[in-house]
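Trainee: Could you take me through one part of this model in detail? I'd like to look at how the domains sit relative to each other, and what surrounds that spot.

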Amino acid sequence: MKIALLGYGKMGNVIARIAAERGHEIVLRKKAEDNFDGLQDADVAIEFSVPTAAVTNITECLNNNIPVVSGTTGWLAHYDEVTQLCETKKGAFIYASNFSLGVNIFFELNVQLAKMMSKLERYNVSMEEIHHTQKLDAPSGTAITLANDIIANTNYINWAIENPKETDIFIDAKREENVPGTHTVNYVSDVDSIEIKHTAHSREGFALGAVVAAEWLTGKTGVYSMKDVLGI
Ligand SMILES: NC(=O)C1=CN([C@@H]2O[C@H](COP(=O)(O)OP(=O)(O)OC[C@H]3O[C@@H](n4cnc5c(N)ncnc54)[C@H](OP(=O)(O)O)[C@@H]3O)[C@@H](O)[C@H]2O)C=CC1
Ligand SMILES: O=C(O)C1=N[C@H](C(=O)O)C[C@H](O)C1
């Protein structure tokens, strides 16, 4: 498969290595100042850039009929317009806030736990996410997915990273050197706590998931999620 990488930073580099190990060819490595030359030659694009560039990158792919896998976080206010363009162009698109298999299992655990906790008023939920200090967005996309899944299954109404109201899920977004990504969901009552936690040891899991998603998406049309890719 010929792959265009839109964004060639920490993630783009690991994706390039894993894609090569799986027999794929990289036809474009786009950074901030580069143009889209080479995109036309690609079978699929993998987009891990910055929040301000994601919509332009995805739009360029859809307008050129290139299937696109996006892992960039922090641009989701535009998700509906992007998926609408994908439908109009009969293109192919996957966004995931986290492409790792482990986190996608963790997402399912989070939903099951939230459903059980919704019946028990004595527990309050909060979350913590820890990432490296270069991260541009807070809270993380993964934390937002976890919070939205709790909100969909409980009486919580919103999330907040400061001054939470009683109906908000507090997300403590911490930045520390060299942390690839740690997420904890914590339920606390007067007498005990229940905690679920995912710790990424490196970026390999995110990158492998993105390449597997790109392999899966090629030849399809429509808007998909990692649940479709993983069949969970
Ligand atoms: N969904 C998931 O599983 C994961 C998502 N992420 C997300 O992926 C994104 C990238 O993360 P990471 O690799 O760590 O970030 P980096 O800062 O290491 O890399 C970002 C890259 O994007 C490039 N870039 C900037 N502007 C553009 C543009 N207009 N077009 C194309 N590329 C551009 C930068 O180029 P330059 O160096 O020239 O500025 C750089 O190469 C983040 O949003 C992060 O949250 C991260 C890990 C997993
Ligand atoms: O910026 C990162 O590094 C990561 N971003 C994603 C997010 O915002 O959830 C996924 C992962 O946690 C690493």
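Mentor: In this predicted model, the centres of domain 1 and domain 2, taken over C-alpha atoms, are separated by 26 Å. Domain 1 is made of two stretches, 2–99 + 204–230, while domain 2 covers 101–199. Where they touch, domain 1 puts in ten residues and domain 2 puts in eleven residues. On the domain 1 side, the elements giving two or more residues are α6 (204–217) and α7 (226–230). Sort that side by class and you get four nonpolar, six polar and no charged residues.

Now bring in ligand 2, since both domains have a hand in its shell: at least three residues come from each of domain 1 and domain 2. The residues around ligand 2 are T73, S97, N98, H131, K135, S140, G141, T142 and G181. By class, that shell has no nonpolar residues, eight polar ones and one charged one.

Let's go into domain 2 from there. Its strands include a five-stranded open sheet, ordered β7-β8-β6-β9-β10, with mixed pairing. The edges are β7 (158–160) and β10 (193–199), and each of them pairs on one side only. From one strand to the next, the twist averages 20°. Look at β6 (residues 124–131) and β9 (residues 182–188): they pair in the antiparallel sense over seven bridges. If you want a spot to click on, E128 has T184 in β9 as its bridge partner.

Two helices lie across this sheet. Helix α4 (residues 101–117) crosses β6, β9 and β10, and runs at about 165° to β10. Helix α5 (residues 141–153) lies across β6, β7, β8 (168–175) and β9, running at about 165° to β6.

Back over in domain 1, there's another open sheet, with six strands in the order β2-β1-β3-β4-β5-β11 and parallel pairing. Its edge strands are β2 (25–30) and β11 (222–224); each has a single partner strand, so one side of each is left without a neighbour in the sheet. The twist here averages 15° from one strand to the next. Strand β1 (residues 2–6) runs parallel to β2, joined to it by five bridges, and L5 stands opposite R29 in β2.

This sheet has helices packed on it too. Helix α2 (residues 54–63) touches β1, β3 (44–47), β4 (68–70) and β5 (92–95), and its direction makes about 165° with that of β4. Helix α3 (residues 79–89) touches β5 and β11, at about 155° to the direction of β5.

While you're on that side, have a look at ligand 1. There are 25 residues around it, and G9, M11, K31, A53 and G71 come nearest. Helix α1 (residues 10–21) gives the most to that shell, with three residues. By class, the shell around ligand 1 has ten nonpolar, twelve polar and three charged residues.

One last thing, from the records: UniProt, in an unreviewed entry, places the feature "domain: Dihydrodipicolinate reductase N-terminal" at residues 1–99. In the model, the end C-alpha atoms of that span lie 19 Å apart, and the span is 33% helix and 22% strand.

Note on methods:
Residues are numbered from 1 along each chain as its sequence is written. Chains are lettered from A and ligands numbered from 1 in the order in which they are written. This is a predicted model: local features need pLDDT of at least 70, side-chain atom pairs count only at pLDDT 80 or more; totals for chains, interfaces and linings use all residues. Two strands pair if DSSP finds at least two bridges between them. Helices (H or I, at least four residues) and strands (E, at least two) are DSSP runs, numbered from the N terminus. Axes are lines fitted to C-alpha atoms, for helices over the stretch in contact, and angles run from 0 to 180 degrees between N-to-C directions. Two residues are in contact if their C-beta atoms, placed from the backbone, lie within 7 Å. UniProt positions are given in the numbering used here, feature names are shortened, and annotations may be inferred rather than shown by experiment. A residue is near a molecule or strand if its C-beta atom, placed from the backbone, lies within 6 Å of it. Ala, Val, Leu, Ile, Met, Phe, Trp, Tyr, Cys and Pro count as nonpolar, Asp, Glu, Lys and Arg as charged, and the others, Gly among them, as polar. Domain bounds come from an automatic or database domain assignment.
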